Structure formats: C-alpha cells, structure tokens
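Dear colleague,

Please find below the structure that I am handing over to you. My notes on it follow directly after.

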Amino acid sequence: WIGATGAPAAEIGFDFAYRISPLLAKTGCASAQCHGASTGKGGFKLSLFAENPEADYDAILRELDGRRVDLHNPTQSLFLRKPMRLGVRHGGGRLLDTEDFAYREFRDWIASEAPFRSGARQTLTGIRIERTNRQLSAIATFEIDGRSQDRDVTPWTLWESSAPNLVAVNADGALPPH
C-alpha cells in the first residue's frame, strides 16, 4: 500500500474489495457502458461500479472455467490481454498499458495467486480528501487487528467533478491552475 503507516507491510494483508474493485471502477470496466451493464458486455458481467466484490471475483476467477486468469503466466491472462488489445479483440478499446498503475496492480494480484483476501482482516472505517496546493489526495482509515491505520489510496480513487464547469480535476486528482 502506498503511504501505509502503523503495521508492518506483512501484517497489512490484501483484500480484493480494497485493491482490485476500486480499479475496476476507475478504469471504467465496471461502468454501465461496459461490463457493469445489466447484462455485462461480451459475456463478462461485473457489478455496477464494482459494488459487489465477491461476485466480481467469481466472474474474473471462476467463470469460463477460470480462463480469464493465468496464475502460471499472469501477463498472458485474458483479464489483462483484452483491455490491452494484445491479440484479443476488446469491444471497449484499449484501456490499459503496461506502465499503468492499474495494469501493474492487476498483474501483481494475479502473480500472487489472485487471492480474494489474505493476511490480517481489514475494515474500512473512513475516508477523507486532503488538498495540497493543486493536488487532491484520498486517505482511507482502516481498522486492522484493533488498530487504526491511515493509507494514501489516491491511485485507487476515481476523481470526477460533479460540476466540471466550476471545478475540474484530472484522473490523478490534480486541479488545473487558475
């Protein structure tokens, strides 16, 4: 985790709901125009805005007899190759590049045997937005083994303005200069 404080990294653990689900929403994969549509797209259905991590995990890992994920060769996973348009047609166009944060998180998750959850159980207890100059940051507070821990979750955050004609924000949380 970025900016993890408190517990050592090994104690933090992994939770699909906090690491993979937000990226499914941020990349648009779980939007109503894509795989979050009521019937999905191209035979692949995710929950709208990734609101059901368990169902999404099953769709990615278990549907199609597990063909979407290659645990032995993560970069050959259909789950990665389709949005990169690497030898596989993707109706939504190219969404990922090997340099993208989301691609690296997805690849590393698959390389770690694609767990739903591992390590210490964590519960999201709060989130706040901070601003430094022209940059927004999202700080999430988790409860882990009775301890509170803040983490910078900015790269997992979908930044959009509800009034872009008044305030604009880019995908990384940066505000444009006046």
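Which residues does Phe-16 touch, not counting those up to four places away in sequence? In this predicted model, the list comprises Ser-21, Pro-22, Leu-24, Pro-53, Asp-56, Tyr-57, Ile-60, Trp-109, Pro-115 and Phe-116.

The overall organisation is as follows. The chain contains six helices and five strands, arranged along the sequence as α-β-α-α-α-α-α-β-β-β-β. It has 178 residues, of which 39% count as buried. Among contacts with a separation of 6 or more, 47% involve residues 24 or more positions apart. The exposed area of the chain is about 9,900 Å², and 51% of it comes from carbon and sulfur atoms.

Turning to the interior, the largest nonpolar core has 36 residues; Phe-16, Leu-24, Ile-60, Phe-79, Phe-106 and Trp-109 touch the most other members. At least two residues of this core come from each of α3 (21–26), α4 (53–61), α5 (78–84), α6 and β4 (135–144).

The aromatic residues deserve a separate paragraph. The whole structure holds nine aromatic pairs. One of them joins Tyr-18 and Phe-142, whose ring centres are 4.9 Å apart; the planes meet at 70 degrees, so this pair is edge-to-face. Tyr-18 belongs to helix α2 (residues 16–19) and Phe-142 to strand β4, so the pair links distant parts of the chain, 124 residues apart. Tyr-18 is partly exposed, with a relative accessible area of 21%, whereas Phe-142 is buried at 2%. A second edge-to-face pair is formed by Tyr-57 and Phe-116, with centres 5.2 Å apart and planes at 80 degrees. Because Tyr-57 lies in helix α4 and Phe-116 in the loop between α6 and β2 (117–118), this pair ties together parts 59 residues apart in sequence. Both Tyr-57 and Phe-116 are buried. Together with Phe-16, Phe-79, Phe-106 and Trp-109, these two residues form one aromatic cluster. Phe-142 has a further partner: Arg-151 lies over the face of its ring, 4.2 Å from the ring centre.

Finally, a note on Ile-110. This residue is found in helix α6 (residues 101–111) and is buried, with a relative accessible area of 0%. Apart from neighbours within four places in sequence, Ile-110 is in contact with Val-69, Asp-70, Leu-71, Pro-74, Ser-77, Phe-79 and Leu-80. The C-alpha atoms of Ile-110 and Asn-73 are 8.7 Å apart, although 37 residues separate the two along the chain.

With kind regards

How values were computed:
Residues numbered from 1 in each chain as written. Predicted model: local features only at pLDDT ≥ 70, side-chain atom pairs only at ≥ 80, totals over all residues. Heavy atoms only, no water. Helix = DSSP H or I, 4+ residues; strand = E, 2+ residues; numbered from the N terminus. Buried < 20%, exposed > 50% of the residue type's maximum accessible area, 1.4 Å probe, protein only. Contact = heavy atoms within 4.5 Å. Areas by Shrake-Rupley, 256 points an atom, 1.4 Å probe, with all protein chains shown as cover. Core = buried A, V, L, I, M, F, W, Y, C linked by side-chain atoms within 4.5 Å. Phe/Tyr/Trp six-rings, centres within 6.5 Å; stacked < 30°, edge-to-face > 60°. Lys NZ or Arg CZ within 6 Å of the ring centre and 35° of its normal.
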